[in-house]
Amino acid sequence: MPRNWLADLQSLYSSFDPITSINSGQVFLWEKHRDSSWYGVSGDHILKIKQAGCELFEFSSFPEDKAWHRRMFRLDDDARTIFGEISRDSLVRRIVRLYPGLRLMRQEPHQCIFSFVCASNTNIPMIRRMLHNLTRKFGRPVKVDGLEFFTFPSANDIDRADIDELRSCGLGYRVRAIKSAAHAIASGQLDFDVLKAASYEEAKKELLQIYGIGNKIADCILLFSLEKLDAFPMDVWIARALLENYSWLHQEEFGDKLTLHQYEELSNSARRYFGKYAGYAQQYLYYHMRQTAGKKW
DNA sequence: GTACAGGCAGTAT
DNA sequence: ATACTGCCTGTA
């Protein structure tokens with residue numbers, strides 16, 4: 001580790017870039033409009049980020065919430081400590097320097113659950129389309145800067161929603177999974193405060209009870225909305241990254257598709273290796289894989 | 001036409 | 001326990 005690494009970290013921390021973060025594949029409902037402003041949907045709020053200069057951003061929200069960006073981009077976390085914790089090798093050190101503005105985001109739990117249930121066996125443009133349709137059909141219209149947006153529907157909204165109307169959002173066979181998740185939340189079976197206070201293992205066990213939530217989706221929900229920064233969601237991109245750069249982390253060979261056992265082994269090895277902020281390392285590796293693969297979303 | 005996309009659950013071995 | 005298969009839908 002270079003001697004000036006800690007001083008380096010301080011400068012990395014100050015280069016926080018919300019635009020990179022919202023475009024790193026963890027959130028789906030953000031759009032760019034005229035004059036370089038980005039608008040996003042988070043629960044009942046429409047959020048806005050305007051780039052006012054190099055590394056200078058203005059954050060606003062409708063209705064007003066002056067602190068939303070602190071919460072959403074986890075600016076209450078100590079990025080310096082986190083970067084230090086996950087920098088276990090030259091690869092992570094390199095990509096933290098490469099994308100110093102990238103942050104893990106804190107999402108509304110219900111929106112996060114519906115988003116990642118929609119994400120099963122499809123691609124990001126399709127996920128965006130499904131969620132966009134859901135907001136238009138079941139959300140509430142909000143005018144911001146002369147543009148029309150729709151809030152994200154509540155679990156109750158989805159729980160009460162008509163099956164055919166849900167189907168018309170392009171969800172396909174995911175309708176059943178969306179419905180079961182909505183009912184679990186609306187009925188109180190899933191209690192976000194309880195899940196946040198619980199350990200990673202306990203909270204994951206609860207999520208896995210829900211029809212339509214498996215290993216990967218559960219880990220995304222835990223990491224992005226339930227404060228489990230040690231969760232390490234394992235998808236084909238991350239598996240590839242681990243296979244190429246951390247072959248010593250796993251014993252057995254595996255192909256493109258992971259078996260249940262392989263998922264557990266890989267994810268848990270990565271969690272042990274990267275430590276309590278493993279999920280942050282995952283986001284960096286994921287973003288780097290997508291960047292180098294030239295994916296546009 | 002056919003393969004494929006950031007999984008999951010149900011069924012068969 | 002582990003492997004195999006179908007699944008909505010849109011795009012290449």
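This is a walk through a protein that sits beside two DNA strands, B and C, starting at the DNA and moving on to the protein's helices and rings. Keep in mind that the model is predicted.

Let's begin with DNA strand C. Around this strand you'll find N121, M126, R129, R167, G170, G172, Y173, R174, T259 and H261. If you look at which atoms of DNA strand C come within 4 Å of the protein, 64% of them belong to sugar and phosphate. The residues on this surface split into two nonpolar, five polar and three charged.

Now zoom in on single contacts. The side chain of R129 has an N or O atom 3.2 Å from a phosphate oxygen of DNA strand C. Y173 takes part through its backbone: one of its backbone N or O atoms lies 3.2 Å from a sugar or linking oxygen of DNA strand C. With R174 we get to a base, since a polar side-chain atom of R174 lies 2.9 Å from a base oxygen of DNA strand C.

Next up is DNA strand B. How many residues surround DNA strand B? There are 22, and the closest are I124, G212, I217, Y286 and R290. Here 58% of the strand's atoms within 4 Å of the protein belong to sugar or phosphate, and the rest to bases. Sorted by type, the surface near DNA strand B has ten nonpolar, eight polar and four charged residues.

Again, a few contacts are worth finding on screen. Try Y173, which you have already met beside DNA strand C: an N or O atom in the side chain of Y173 is 3.3 Å from a base nitrogen of DNA strand B. R290 also reaches a base, with an N or O atom of its side chain 2.9 Å from a base nitrogen of DNA strand B. G212 meets the backbone of the DNA, as a polar backbone atom of G212 is 2.9 Å from a phosphate oxygen of DNA strand B.

Which helices each supply at least two residues of the surface near DNA strand B? They are α13 (215-225), α14 (236-245) and α16 (278-292). Of these, α13 gives the most, with three residues.

Just before α13 comes a loop, and G214 is found there, between α12 and α13. G214 counts as partly exposed, at 31% relative accessibility. From G214 to N245 it's 31 residues along the sequence and 26 Å in space, C-alpha to C-alpha.

On the other side of that loop is helix α12, residues 200-208, where Y200, A203, K204 and L207 are buried. Why do these four sit on the same side of α12? They cover an arc of only 100° around the axis, and that puts them on one side together. The general idea is that an α-helix has 3.6 residues a turn, so residues three or four places apart point the same way. The buried residues of α12 pack against α11 (192-197), α13 and α15 (260-274).

Time for the aromatic rings. The model has 20 aromatic pairs. One of them joins W248 and Y273 in an edge-to-face arrangement, 5.0 Å centre to centre with 80° between the planes. Because W248 lies in the loop between α14 and α15 while Y273 is in helix α15, this pair ties together parts that are 25 residues apart in sequence. Are the two partners buried or exposed? W248 counts as exposed at 51% relative accessibility, whereas Y273 is buried at 17%.

Compare that with Y280 and Y284, which form a stacked pair, 6.1 Å centre to centre and with 25° between the planes. They are four residues apart in helix α16, so about one helical turn separates them. Y280 is buried, with a relative accessible area of 3%, and Y284 is buried too, at 0%. Elsewhere, ring pairs link F16, W30, F59, W68 and F73 into a cluster.

Finally, go back to the loop between α14 and α15, where L249 lies. L249 is buried, with 10% relative accessibility. Leaving aside residues up to four places away in sequence, L249 touches L242, S269, A270 and Y273. S269 is 20 residues from L249 along the chain, yet their C-alpha atoms are separated by 6.1 Å.

Note on methods:
Residues numbered from 1 in each chain as written. Chains lettered and ligands numbered in written order. Predicted model: local features only at pLDDT ≥ 70, side-chain atom pairs only at ≥ 80, totals over all residues. Heavy atoms only, no water. Near = heavy atom within 4 Å. Polar contact = N/O pair within 3.5 Å; in protein donor to acceptor, adjacent residues only side chain to side chain. Nonpolar A, V, L, I, M, F, W, Y, C, P; charged D, E, K, R; others polar. Buried < 20%, exposed > 50% of the residue type's maximum accessible area, 1.4 Å probe, protein only. Arc of directions from axis to C-beta. Contact = heavy atoms within 4.5 Å. Phe/Tyr/Trp six-rings, centres within 6.5 Å; stacked < 30°, edge-to-face > 60°.
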